[in-house]
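Colleague: I would like a close look at one part of this model. Please keep to what can be read from the coordinates.

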Amino acid sequence: MRWMTVMIVVLLCTSLQAADDKTRTFPFGKDDVDKVPTGWKADKTGKGDGSVWKVVADAAAPSKSGHVLAQTAAGPGSLFNLCVADNTSYKDMEISVAFKAVRGEKDQGGGIVWRYQDANNYYVARMNPLEDNFRVYKVVDGKRIQLATKDDVKVPAGEWHTIKIKQVGDKIECYLDDKKHLDAKDETIQKAGKIGLWTKADAQTSFDSLKVQDLSK
């Protein structure tokens, strides 16, 4: 009986360790204040000035680190502001991030990018507090195509909220503050890709507590 108990404990510990090995967090700290954090790259879909990302101080950061990553520029209406984690490659994964809409007259909020091939090809899910909608898109050859939307979703600006995405194969699930709002299926981008963060136009938004779990077998 004691032997069986020991074996169960060992198996549980092994399982938990395996899950930990496939989970990665991305801290933002004071060493990168006023610049793009080490291991990240600012990018953009479209043309025009914008996509200025930097680590800034925020005492209310959900991670308790006192620092967050923020998009700080007011770009033109057609510009997608991107910041991508260079040393990442995921196909099937679960990814989450805390976000806070700081300002923006044309757009607000933002979201998560995954299976990023380049600045013109990726998936993105975002929340826009100005429009009260939560949406998931694919971006193909620089063109954004909507896959699913949830309207009448109230997310006040100036507060921290969480977006979580799970994709396995062609199935995409999108959560806002731990509630699933969107289901979509798409097989356009089948290769593993980088992960990152996204805002549109003049949406100046802070991000924190980015975490991704590799769900590949």
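Is Asp 86 buried, exposed or partly exposed?

Modeller: This is a predicted model. Asp 86 counts as partly exposed because its relative accessible area is 34%, and buried would require under 20%, exposed over 50%. Asp 86 sits in the loop between strand 5 (80-85) and strand 6. Setting aside neighbours within four places in sequence, Asp 86 is in contact with Gly 39, Trp 40, Lys 41 and Lys 194. With Lys 194 there is a polar contact of 3.3 Å between the side chains. Thr 38 is 48 residues away from Asp 86 in sequence, yet the C-alpha atoms of the two are 9.4 Å apart.

Two of the elements around this loop lead further into the model. Strand 5 belongs to an open sheet of seven strands, in the order 2-5-14-7-8-9-10 with antiparallel pairing. The edges of this sheet are strand 2 (40-45) and strand 10 (143-151), each paired on one side only. On average, neighbouring strands in the sheet are turned by 25° against each other, direction ignored.

Strand 6 (residues 93-103) gives the most to the largest nonpolar core, namely four residues. That core has 36 residues, and Trp 40, a contact of Asp 86, is among the five that touch the most other members, with Trp 114, Val 136, Ile 165 and Ile 195. Lys 194, the polar partner of Asp 86, is also in contact with Trp 114. Other contacts of Trp 114 include Met 93, Val 136, Ile 165 and Ile 195.

Note on methods. Residues are numbered from 1 along each chain as its sequence is written. This is a predicted model: local features need pLDDT of at least 70, side-chain atom pairs count only at pLDDT 80 or more; totals for chains, interfaces and linings use all residues. Side-chain values use heavy atoms; hydrogens and water are left out. A nonpolar core is a set of buried Ala, Val, Leu, Ile, Met, Phe, Trp, Tyr and Cys residues joined through side-chain atoms within 4.5 Å. Buried means under 20% relative accessible area, exposed over 50%, partly exposed in between (1.4 Å probe, protein chains only). Helices (H or I, at least four residues) and strands (E, at least two) are DSSP runs, numbered from the N terminus. Contact means heavy atoms within 4.5 Å. Two strands pair if DSSP finds at least two bridges between them. Axes are lines fitted to C-alpha atoms, for helices over the stretch in contact, and angles run from 0 to 180 degrees between N-to-C directions. A polar contact is a pair of N or O atoms within 3.5 Å; within protein, one must be able to donate a hydrogen and the other to accept it, and residues adjacent in sequence count only if both atoms are side-chain atoms.
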